[in-house]
Amino acid sequence: MLINVLHNWNELTLEQLFRERWKAPKKLVHEWRMSKEVKLNGHPVTWSTILQQGDMLSIPIMDTAENAAVQATNLEIPILYEDDWLLVANKPAGMDTHPSQPGDSHSLINGVAYHLQQTGQLCMIKHIHRLDQDTTGAVLFAKNRLVGSMLDRMLEEREIKRTYLALVEGILHTREGEIKEKIGRDRHHATRRRVSPTGQTAVTHYRVLNRDQKRNLTLISCTLESGRTHQIRVHFSHLHHPLAGDTLYGGKRIFTRQALHARKIEFTHPISEENMIIEAPFMDKPEIFDANL
């Protein structure tokens, strides 16, 4: 894989780029060192070599075998953004992010694998985060181990911002707020979560975008400091404003699914260091959100 050395990497050694700036996995860095395939401007170099803007760095990306287990299925998944390192897909409703059981080949990652196959890309694919089966919107994928590890770390360190839109039952009178309630498993239900003092820390920030007095619904925008299972759904159910359509958490069956959409994802590209802002269009037919924006 060829990479143009950025101005921000001036005066870094190869060793510093890999270990300090990229924080690449030790095992991967060791493989690169042993393979002697890391090159600068087409020539093998020592790892103490100092980088200069305009240099062309070549690193071996050998991840094709790791994708063999993902079956490719034509699911017509919309790709919102793609480059050599990563892609963002728009997940439809009624689809898991990854197979939920052996033999399942109709998840989002199967559809993305088909896209890669059809475009002649022999690379691995790894989802960086997940969405619930009936939540729609943007999901970020990595195409190799290096970027996969970098994006995992960025997610953990809250450097990837995800913005959700939701329709909740009732009228929220506060313009914006923060919900800080720990979330744990519900011992009485296999998949449901609940607010629990012994659960994991979970913080949801929300802002009211529109109030639909006629239908008694409020359109909100949410961002998360954590990414707990069903976090937005649990938190608003706890406030007695369950998501419209979310029957698992007390919502009325207004829609065929919970009204939750991962609208936007923002992050600094791990390789190009560009600011990335990717928005996911709505896909519901009939529409759930459009009439409320």
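Which backbone oxygen does the side chain of Thr218 reach at 2.7 Å? In this predicted model, the backbone oxygen is that of Gly170.

## Thr218 in strand S14

Thr218 sits in strand S14, which spans residues 217-224. The Thr218 side chain also reaches a second backbone atom, the nitrogen of Leu172, at 3.0 Å. Thr218 has a relative accessible area of 0%. The cut-off for buried is under 20%, so Thr218 counts as buried.

Beyond residues up to four places away in sequence, Thr218 touches Ala166, Leu167, Val168, Gly170, Ile171 and Leu172. Val208, Asn210 and Arg211 complete that list.

## Arg211 in strand S13

Arg211 belongs to strand S13, residues 203-212. Is Arg211 buried or partly exposed? Its relative accessible area is 34%, so Arg211 is partly exposed.

Two backbone oxygens receive the Arg211 side chain. A polar atom of that side chain lies 2.6 Å from the backbone oxygen of Leu172. The side chain also reaches the backbone oxygen of His173, at 3.3 Å. Arg211 and His173 are 38 residues apart along the chain, yet their C-alpha atoms are separated by 8.9 Å.

With neighbours within four places in sequence set aside, Arg211 is in contact with Ile171, Leu172, His173, Thr174 and Arg175. Leu217 and Thr218 are contacts of Arg211 as well. Leu172 thus appears twice: its backbone nitrogen is reached by Thr218, and its backbone oxygen lies 2.6 Å from a polar side-chain atom of Arg211.

## The S15-S16 hairpin

Strands S15 and S16 form a hairpin, with six residues between them. In the turn, Glu273 has a positive phi of about 60 degrees. S15 covers residues 260-268 and runs antiparallel to S16, joined to S16 by five bridges. One bridge pairs Lys264 with Glu279 of S16.

In a regular strand, side chains alternate between the two faces of the sheet. Strand S16, residues 275-279, has a covered face made of Met276 and Ile278. Its uncovered face holds Asn275, Ile277 and Glu279.

## The four-stranded open sheet

Four strands make an open sheet in the order S1-S4-S2-S3, with antiparallel pairing. S1 (2-4) and S3 (43-44) are the edge strands, each with a single partner, so one side of each has no neighbour in the sheet.

How many bridges pair S2 with S3? There are two, in the antiparallel sense, with S2 spanning residues 39-40. Leu40 has His43 in S3 as its bridge partner.

Notes
Residues numbered from 1 in each chain as written. Predicted model: local features only at pLDDT ≥ 70, side-chain atom pairs only at ≥ 80, totals over all residues. Heavy atoms only, no water. Pairing = 2+ DSSP bridges. Buried < 20%, exposed > 50% of the residue type's maximum accessible area, 1.4 Å probe, protein only. Contact = heavy atoms within 4.5 Å. Polar contact = N/O pair within 3.5 Å; in protein donor to acceptor, adjacent residues only side chain to side chain.
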